[in-house]
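Reader: I'd love a close look at a single part of this model, taken slowly and with its neighbours in view. Could you pick one helix and walk me through how it packs?

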Amino acid sequence: MMATLVLGGGCFWCTEAVYVRVRGVLDVESGYCNGQTVSPTYEQVCSGRTGHNEVVKLQYDPAQVSTRELLEIFFVIHDPTTLNRQGNDRGTQYRSGIYFASPEQAAEAQKLIDELAKAQAFDDAIVTEILPLANYSAAEDYHQDFFERNPGQGYCLAVAAPKVAKFRQTFVRLVKD
């Protein structure tokens, strides 16, 4: 049985670069969700006027990796305390979000956020939105597997590669062989 979870953690190139390396994740697709425009372009999303978020859609095998583990990775590889921003990327399209496919995923996300808040895992409050997935569309082909195809590109070296390294170091048991 395969499950789907959609996550917005800033630029989708960086988030995708991590999740393609997670054991049990069978497919990762960069896309846009939870905005008003049907099938928006990258340029439209970047304008901030469509309401969409840059996201990755994960198809995964819950027998190999749990929703909880995917969410734990998510909270390590991005800053869930900055509203509409990740590093130098600013705008509503870079907001922290968990877009669920089932009520169980929503409950798991809220439970983890509550635990992180109680443990004071971050200096500031978590601003990650938890919403049902709506109006999803895949990003253009040139965004798919961007890090894999452009590892020497400046943004990839400066932002994506450190996230991948942090994942590999923190979640050794979940790294694909």
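Author: Gladly! One term helps at the start: a crossing of two helices is called right-handed if the near helix is turned clockwise from the far one by less than a right angle, and left-handed if the turn is anticlockwise. Please keep in mind that this is a predicted model.

Let's settle on helix H3, residues 67–77. Eight of its eleven residues are buried, so H3 is mostly covered, with buried meaning under 20% relative accessible area. Those buried residues are Thr67, Glu69, Leu70, Leu71, Ile73, Phe74, Phe75 and Ile77. What covers a helix can be followed partner by partner, and here we can look at H1, H4 and H6 in turn. Two packed helices are described by the angle between their axes and the distance between the axes.

Start with H1, residues 12–19, which packs against H3 at an angle of about 135°, the axes being 11 Å apart. Angles over 145 degrees would count as roughly antiparallel and those from 65 to 115 as roughly perpendicular, so H1 and H3 are oblique to each other. Their crossing is right-handed. On the H1 side, the contact uses Thr15, Val18 and Tyr19, while H3 brings Leu70, Ile73, Phe74 and Ile77. Sorted by class, the contact of H1 with H3 holds six nonpolar residues, one polar residue and no charged ones.

Now turn to H4, residues 103–118, whose axis comes within 10 Å of the axis of H3 and crosses at roughly 45°. H3 and H4 are therefore oblique to each other as well, and this crossing is right-handed too. From H3, the residues in contact are Thr67, Arg68, Leu71, Glu72 and Phe75; from H4, they are Gln105, Glu108, Ala109, Leu112, Ile113, Glu115 and Leu116. The contact of H3 with H4 divides into six nonpolar, two polar and four charged residues.

The next partner is H6, residues 154–170. The axes of H3 and H6 come within 10 Å and cross at roughly 130°, and the two helices are therefore oblique to each other. H3 passes H6 in a right-handed crossing. Here Ile73, Val76 and Ile77 of H3 meet Lys163, Lys166, Phe167 and Thr170 of H6. Four nonpolar, one polar and two charged residues make up the contact of H3 with H6.

One residue is worth tracing across these contacts: Ile73. Facing H1, Ile73 is among the H3 residues in contact, and Ile73 also takes part in the meeting with H6. Apart from its neighbours within four places in sequence, Ile73 touches Val18, Tyr19, Val22, Phe167, Phe171 and Leu174. In soluble globular proteins, nonpolar side chains tend to be buried together. In this model, the largest nonpolar core has 41 residues, and those touching the most other members are Leu7, Tyr19, Leu70, Ile73 and Phe167. Several of these names have already come up: Tyr19 and Leu70 belong to the contact of H1 with H3, and Phe167 belongs to the contact of H3 with H6.

Before leaving H6, one more stop along that helix: Val159 lies in H6, and with a relative accessible area of 27% Val159 is partly exposed.

Technical notes. Residues numbered from 1 in each chain as written. Predicted model: local features only at pLDDT ≥ 70, side-chain atom pairs only at ≥ 80, totals over all residues. Heavy atoms only, no water. Axes fitted to C-alpha atoms, helices over the stretch in contact; angles between N-to-C directions. Helix = DSSP H or I, 4+ residues; strand = E, 2+ residues; numbered from the N terminus. Parallel < 35°, antiparallel > 145°, perpendicular 65-115°, else oblique. Contact = heavy atoms within 4.5 Å. Nonpolar A, V, L, I, M, F, W, Y, C, P; charged D, E, K, R; others polar. Core = buried A, V, L, I, M, F, W, Y, C linked by side-chain atoms within 4.5 Å. Buried < 20%, exposed > 50% of the residue type's maximum accessible area, 1.4 Å probe, protein only.
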